[in-house]
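Biologist: Please take me on a close tour of the inside of this protein, with the aromatic rings as the main stop. I would like to know which residues are tucked away, which face outward, and how the parts fit together.

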Amino acid sequence: MSNGRKSAKFKSTVVLELLRGESAEELSRKYCISMAELSAWRDEFIENGMQGFKKNHEESKLARAERRIGQCCETKKRLVSILLKEVYEKTGAKYPTSMVLRVAGCSSGNWYGKKPEVPLQKRGPKPQLSDDELLSPYRHDKAMVKVRKHEGKIVQGKPDLLWGTDGKKFFVEDIGWCWFFGVLDHFNDELISWHTCKRGTRYEAMEPVRAAVRKRFGTVAKDVCKVMALKLRSDYGSQYDSNDFMAEMKFLGLNMSKAFVRQPECNGCIERFHRTLEEEVFSLNHFKTLEEANEAIRKFVDNYNRQWLIYRLGYKSPLEYREEYERKVA
């Protein structure tokens, strides 16, 4: 399904399937749309029917009028430019700018609002811009750029306070490079959920997050995480920075906690798991199909959560450490 603008007919079809009892999550996966979009379409459809999806006629007229005004302004500016170059035959002088603007019907604000072009020196644009302090701060010397360094703690004292998510690529012979997405609890390094796919889109990145929310809280309904202190840590990858992903997290009531730029330690728990996954699965196995890869990953994840001894957990496995915590607080 194309990720472009969705038509009113398409939205109506999807919403009707939802109202007939289809799972919102299955429809989201089938049509590559977020559940936040699906929920908004349903509410809009119930309130206004199909007309609610159609573009407002008055807004269309306003947009056409604005485009027409812009075209007229450009035409007047071109006319002014031509007249200013003309010379009066009797005096040999150019026409006064104020007279030309009045004849062309162009306001002085529209004309003088155009900034004159500043010729650049022969040494090139970058030194000139640097002299005028117009360069982006990220182009300056590294010593001049303020970098937010990771100096705090990311491990948590209780479960379900901070989850980490990220993507990793691996190779499959039949279809080439594929993606692995996972969600890990910063309390005990337990991999709560994972998902593999060919194309690592924003919709695929949502899959393990929704699976983790359902596993922990039993549902993926709207605002299911809102009353909790849970946050989701991610980097600034295109999947996690997209409007659709952010809207889906807002729909679930799951607050985002972004890692600092160029500071992978901020998301170190899932990054460390990816290293282990690479060493124990991807580097040791040759996968013919994605199904083979999924089976190998499933076996490793099950072994990791149940039997993998982690130093910071006192040489306990993630599930063993969680069970011990639950016994203490019971």
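Modeller: Happy to! One definition first: a residue is buried when its relative accessible area is under 20%, exposed when it is over 50%, and partly exposed in between. Please keep in mind that this is a predicted model. R42 is a good place to try out the definition: R42 counts as partly exposed because its relative accessibility is 30%. R42 belongs to helix 3, and its C-alpha lies 8.7 Å from that of K11, although 31 residues separate R42 and K11 in sequence.

Now to the rings. The model holds 18 aromatic pairs. In one of these, F187 and Y325 meet edge-to-face, with 5.1 Å between their centres and 65° between their planes. This pair joins distant parts of the chain: F187 sits in the loop between strand 2 (176–185) and strand 3 (191–197), while Y325 is in helix 12 (residues 318–329), 138 residues apart. F187 has a relative accessible area of 2%, so this residue is buried. Another edge-to-face pair is made by F300 and W308, where the centres are 5.7 Å apart and the planes stand at 70°. The two partners are not equally covered. F300 is buried because its relative accessibility is 8%, whereas W308, at 26%, counts as partly exposed.

F300 and W308 also belong to one aromatic cluster, whose members are F180, W194, F273, F300, Y304 and W308. Elsewhere, a charged side chain meets a ring: K258 lies over the face of Y236, 5.3 Å from the ring centre.

One member of the cluster, F273, leads us on to a pocket. The second largest pocket has a volume of about 330 Å³. It is lined by 17 residues, of which D189, C269, R272, F273 and I310 are the closest to its centre. Helix 10 (residues 268–282) contributes the most to this lining, with seven residues. Sorted by class, the lining comprises eight nonpolar, six charged and three polar residues.

Another cluster member, Y304, turns up when we come to the nonpolar cores. The largest core has 24 residues, and W163, F245, L252 and L254 have the most contacts inside it. Helix 3 (35–48), strand 2, strand 3, helix 8 and helix 9 (243–252) each provide at least two residues of this core. Helix 8 gives the largest share, six residues. A separate core of 22 residues lies apart from this one, and includes F170, C178, L290 and Y304.

L254, named above for its contacts in the largest core, also has a partner to look at in a loop. V227 lies 9.4 Å from L254, C-alpha to C-alpha, with their positions 27 residues apart in sequence. The loop that holds V227 runs between helix 8 (202–217) and strand 4 (231–234). V227 is exposed, because its relative accessibility is 76%.

L191 makes a good contrast. This leucine lies in strand 3 and is buried, since its relative accessible area is 1%. L191 and P318 are 127 residues apart in sequence, and their C-alpha atoms are 8.5 Å apart in space.

Let me finish with two backbone details. D160 has a phi near 60°, which is a positive value in a residue other than glycine. D160 is found in the loop between helix 7 (125–131) and strand 1 (162–172). With a relative accessibility of 16%, which is under the 20% limit, D160 counts as buried. R262 likewise has a positive phi near 60° without being glycine. The loop of R262 lies between strand 5 (255–258) and helix 10, the helix that gives the most residues to the lining of the second largest pocket. R262 is exposed because its relative accessibility is 75%. On the structure, then, you can look for D160 among the buried residues and for R262 among the exposed ones.

How values were computed
Residues are numbered from 1 along each chain as its sequence is written. This is a predicted model: local features need pLDDT of at least 70, side-chain atom pairs count only at pLDDT 80 or more; totals for chains, interfaces and linings use all residues. Side-chain values use heavy atoms; hydrogens and water are left out. Rings of Phe, Tyr and Trp (its six-membered ring) pair if their centres lie within 6.5 Å; planes under 30 degrees apart count as stacked, over 60 as edge-to-face and the rest as tilted. Helices (H or I, at least four residues) and strands (E, at least two) are DSSP runs, numbered from the N terminus. Buried means under 20% relative accessible area, exposed over 50%, partly exposed in between (1.4 Å probe, protein chains only). A charge sits over a ring if NZ of Lys or CZ of Arg is within 6 Å of the ring centre and within 35 degrees of the ring normal. On a 1 Å grid over the protein atoms alone, a cavity is a set of points where a 1.4 Å probe fits but cannot get out, and a pocket is an open set with protein on both sides within 12 Å along at least five of seven lines; lining residues have an atom within 4 Å of a point. Grid points are joined across faces, edges and corners, and a volume is the space filled by probe spheres set on the points. Ala, Val, Leu, Ile, Met, Phe, Trp, Tyr, Cys and Pro count as nonpolar, Asp, Glu, Lys and Arg as charged, and the others, Gly among them, as polar. A nonpolar core is a set of buried Ala, Val, Leu, Ile, Met, Phe, Trp, Tyr and Cys residues joined through side-chain atoms within 4.5 Å.
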